[in-house]
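Colleague: I am new to this model and would like some help reading it. Could we go through it together?

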Amino acid sequence: MQLRLIKPAELDQAALLAHSIFRKAGDTSMKELFPLIFSPGYTHSYAAVAEDGNIAAFMGLVPSTIRTGEALLNVFSIGAVCTDPAYRGQGLAGQLLQLCQTHAANAGASLIFVSGDRSLYTRAGCVPFGGTQFAELNASSAHALAAAAGEEWTLRPMQPGDFFAVNRLLNEREAGQMYSPGELALLLGAEAYAGVLGLSQRTLVAVRDGSIEGFAAMAVPAADVPAPSPATAVDWAGQPQAVAALLAKAALCNGVGTLQVPVPWQERSLLALLRDAGASLSAGANSGTVCIADRESLLRQTEVCRKRSLDLSSVDDKELISLLFDPASPLRTSDSSGESEAIPLPYMSGLHFI
């Protein structure tokens, strides 16, 4: 058994293995849902390859850059982790995870995000992180939100000519994945998170005086098809009131019923609009788990956005993640202005879901 970087020619076989584990007949293929993992090119993913050349286990590893305030975080995301049933019980996934962690550290990454929270990851140092308010819009609160947002915008489906404007909005967020227009087009077309939920993706923009001021992608039930999951807002950007208008419109579409909106803690203006409209709110962590790829890289990459010097020499990795990213961390007190010193992160089950 060889455990190594997967070769581009082996990616199709890895995608088929992942599809056999995670998808069912008639579902969109894993290769289509996750082009950043399974498309040919310079790959970072690892595989366990049996003597006959078959992929026994696979772990997708995808690099990206997150902008948060003035800082740029070089990170990796892990997903599509699978083992052929014939090779289970040999610890292959754990060995692949160790290889991925070493790869990320050698590449100068600060963090590794994982879409799961099972013991495979928690044993390797992955922990919950950040803070999210989970809002739920029903018909009543959606009508109230629409009224509060106003009627200043034309709300319409996103068109190909909108990509530069939408990409600008996404890249201007306080915290978010950095995209090129081409990568944004690829991810919007893949509809990864909507596909995982068994829903269809709908993308809308809010236009005022010829300018796009809001964007939202939602996972919603397909027409006349029973919904396996609640409708969910996947990603958005732009002026809070414009985004609110788009969320309200999506929530009021036929067949949606309720719309789940996971809002990162730092989006206070949007949270206030949702709260005032009567949306139910519950607090939780970000999506999935995270571990430190390289501690020095993390400290260096976050230095510019730490509001004041913190003594981090005596804290372990779990405490460091809490200190840096959890707005309610018991290890940190607020500054004199009452503002949290947590570093904001995007909600990780968005367009860049891995």
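Colleague: Why is the sulfur of Cys-82 in no bond with the closest cysteine sulfur?

Modeller: A disulfide is a covalent bond between the sulfur atoms of two cysteines. Here a disulfide is counted when a pair of cysteine sulfur atoms lies within 2.5 Å. The sulfur of Cys-82 is 12 Å from the closest one, in Cys-100, so it is too far for a bond. Cys-100 is in no disulfide either, as the nearest cysteine sulfur, in Cys-291, is 10 Å away. The structure holds zero disulfides.

Before we go on, this is a predicted model, where local features need pLDDT of at least 70 and side-chain atom pairs count only at pLDDT 80 or more, while totals for chains, interfaces and linings use all residues. Residues are numbered from 1 along each chain as its sequence is written, and side-chain values use heavy atoms, with hydrogens and water left out.

Colleague: Is Cys-82 buried or exposed?

Modeller: Buried means under 20% relative accessible area, exposed means over 50%, and partly exposed lies in between (1.4 Å probe, protein chains only). Cys-82 has 3% relative accessibility, so it is buried. Cys-100 is buried too, at 0%. Gly-53, by contrast, is partly exposed at 31%.

Colleague: Where does Gly-53 lie?

Modeller: Gly-53 is in the loop between strand 2 (46–49) and strand 3 (55–68). Strands here are DSSP runs (E, at least two residues), numbered from the N terminus.

Colleague: How many cavities of 30 Å³ or more does the structure hold?

Modeller: A cavity is a set of points on a 1 Å grid over the protein atoms alone where a 1.4 Å probe fits but cannot get out, and its lining residues have an atom within 4 Å of a point. Grid points are joined across faces, edges and corners, and the volume is the space filled by probe spheres set on the points. There are five such cavities, and the largest has a volume of about 170 Å³.

Colleague: Which residues lie nearest the centre of the largest cavity?

Modeller: They are Arg-173, Val-234, Asp-235, Pro-346 and Tyr-347, out of 18 lining residues. Strand 11 gives the largest share of that lining, four residues.

Colleague: What does the lining of the second largest cavity have by class?

Modeller: Ala, Val, Leu, Ile, Met, Phe, Trp, Tyr, Cys and Pro count as nonpolar, Asp, Glu, Lys and Arg as charged, and the others, Gly among them, as polar. This lining has six nonpolar, six polar and no charged residues. Phe-113, Ser-115 and His-352 are among them, and the cavity's volume is about 100 Å³.

Notes. On a 1 Å grid over the protein atoms alone, a cavity is a set of points where a 1.4 Å probe fits but cannot get out, and a pocket is an open set with protein on both sides within 12 Å along at least five of seven lines; lining residues have an atom within 4 Å of a point.
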